Amino acid sequence: MSVSVLSLTRPLDTVSGLLQLASLLGLALLLLKAAQLYQRRQWLLKAVQQFPSPPSHWLFGHKRELQKGDELQLLLKWIEDFPCAFSRWIWGTEAEIMIYDPDYMKLILGRSDPKSDGSYKLMAPWIGYGLLLLNGETWFQHRRMLTPAFHYDILKPYVRLMADSVQVMLDKWEELLSQNSHLEIFDHVSLMTLDTIMKCAFSYQGNHQADRSLTSEGRRNHKACQLAHQHTDRVIKLRKAQLQDEGELEKIRNKRHLDFLDILLFAKVENGRGLSDKDLRAEVDTFMFEGHDTTASGISWILYALATHPEHQQRCREEIQSLLGDGASITWEHLDQMPYTTMCIKEALRLYPPVPSVGRELSKPITFPDGRSLPKGFLVLLSFYALHHNPNVWPNPEVFDPSRFAPGVSRHSHAFLPFSGGSRNCIGKHFAMKEMKVAVALTLLRFELAPDPFRIPVPTPKIVLMSKNGIHLHLRKLL
């Protein structure tokens, strides 16, 4: 009897011992992790000691404040309290320095620090590793190789494609006006810019503006991504075969306008090879993303800004009417002959920058012009929204005042950065500006715009500047 009891207790002792050992190991790992987090926090505290910060919780950082209300309104309050920069705690063990001073911007954008992971990692499955996500020497090679694709001679034929897509959208708006004079424009504009990009990227002849499944933002982004991937893979194979038959680039240029894919397929890296299919797809998808949602954000907010300032809207319309008449034949040359409209577009981009911010991870220590410094490895957030609303940079920053961009008005080289700056500025900024001008000009010729007083848009910083409740306008067809 005693032997059997003893034999039963031995396995129990073994299990109990293993449980105790596991508990001790778990406790040791927990203590080790706690020590690492403590060291991390101490390093962060030391790194940001020169930079003031709004009051924060030791564990949750500024999360609670940001979740209470409107993030951008809170940001505007903080930039008044902390000129140049402040430290923002994401958690108790994660912090970043947010900067919005032109001299700070110039210094950071003049360096070659890599982009911080943050939301960029989430974009990799969508767009692959093209110019937006690449860093270092690979980014430099791709940038140099892709620059010819944005030469004026390549962009000029795109104006007709842009105008065609805009007219399709405006025709659609005219039909919808018979049902309701109020319209949420962001979805419509986004589908229009998607159409334009598909045509300019690889001469796509479809019409996404007629696709009813591409309506809500989530479905639109997901399906647009699927369409892009499927179409890109298929078109790359077909175009490669076609180009082998057509021969050299100059011979093709004489037959038809070149699209983005033509330029990519003829581009060579330093070793003389072309891009792999994977790299081709990443660059086309990046071009589509950056030229689709960012431009849609820009156009939508520009139209909203003009809707809320009818005197400026009318002056733009008169300028465009005198230049274009009915706008049936808008050309590249016309786009440089609308100075007041351009001033209004730039002022709207100041108030509503399409990309609110970008992040950088310091590859080496940095000392700012005022003597403050940060160590290698620290995260810096360049807030273009805060820069453009900084009262130390722009007097009365919330006032819509196109005269800020009148010819001859001087300002800091890094006070206005709707397309970022430095070597990593937006490679498609000229394409984007031309598309914005085409969209604004043709829209103002067809419609008078007014805001919906019951649905004022609330800007919110996603990857691009969105509105929490859409951008609703009242449209009136012009005779």
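Is Asp81 buried, partly exposed or exposed? Asp81 counts as partly exposed, at 42% relative accessibility. Keep in mind that this is a predicted model. Asp81 has a salt-bridge partner in Lys77, with 3.3 Å between the closest N and O atoms. Lys77 is partly exposed too, its relative accessible area being 47%. Because the two sit 4 residues apart in helix H3 (residues 71-81), about one helical turn separates them.

Now zoom out. The protein has 17 helices and 11 strands, and 49% of its 479 residues are buried. If you take contacts between residues at least 6 apart in sequence, 73% of them join residues at least 24 apart. The accessible surface adds up to about 23,100 Å², with 56% of that belonging to carbon and sulfur atoms.

What about the inside? The largest nonpolar core counts 133 residues, and Ile99, Tyr158, Trp173, Phe260, Leu374, Leu382 and Val438 have the most contacts inside it. Helix H13 (residues 277-307) supplies the largest share of this core, 13 residues. In soluble globular proteins, nonpolar side chains do tend to be buried together. Pick Leu374 and look beyond its neighbours within four places in sequence: its contacts include Ala47, Phe51, Ile97 and Val380.

Two of those contacts lead to a pair of strands, since Ile97 stands opposite Val380 in S7. Strand S7 (residues 379-383) is mostly covered, with 4 of its 5 residues buried. Strand S2 (residues 94-99) runs parallel to S7 and is joined to it by 3 bridges. Strand S4 (residues 357-361) is antiparallel to S7, with 5 bridges between them; here Gly359 has Leu381 as its bridge partner.

Not everything nonpolar is tucked away. Leu18, Leu21 and Leu25 make a nonpolar surface patch of about 310 Å², and Leu25 belongs to helix H1 (residues 2-47).

Back to charges: the salt bridges number 13. One of them joins Lys434 and Asp336, at 3.1 Å from N to O. Lys434 lies in helix H17 (residues 429-446) and Asp336 in the loop between helices H14 (310-324) and H15 (339-351), so this pair ties together parts 98 residues apart in sequence. Lys434 is buried at 7% relative accessible area, whereas Asp336 is exposed at 53%.

Glu448 and Arg476 form another salt bridge, their closest N and O atoms 3.2 Å apart. This one links strand S8 (residues 447-451), home of Glu448, to strand S11 (residues 472-477), home of Arg476, 28 residues apart. Finally, Glu71, Arg88 and Glu96 are linked in a salt-bridge network.

Note on methods: Residues numbered from 1 in each chain as written. Predicted model: local features only at pLDDT ≥ 70, side-chain atom pairs only at ≥ 80, totals over all residues. Heavy atoms only, no water. Core = buried A, V, L, I, M, F, W, Y, C linked by side-chain atoms within 4.5 Å. Buried < 20%, exposed > 50% of the residue type's maximum accessible area, 1.4 Å probe, protein only. Contact = heavy atoms within 4.5 Å. Patch = residues over 30% accessible without salt bridge, like charges linked within 9 Å, V, L, I, M, F, W, Y side chains within 5 Å. Areas by Shrake-Rupley, 256 points an atom, 1.4 Å probe, with all protein chains shown as cover. Salt bridge = Lys/Arg side-chain N within 4 Å of Asp/Glu carboxyl O. Pairing = 2+ DSSP bridges.
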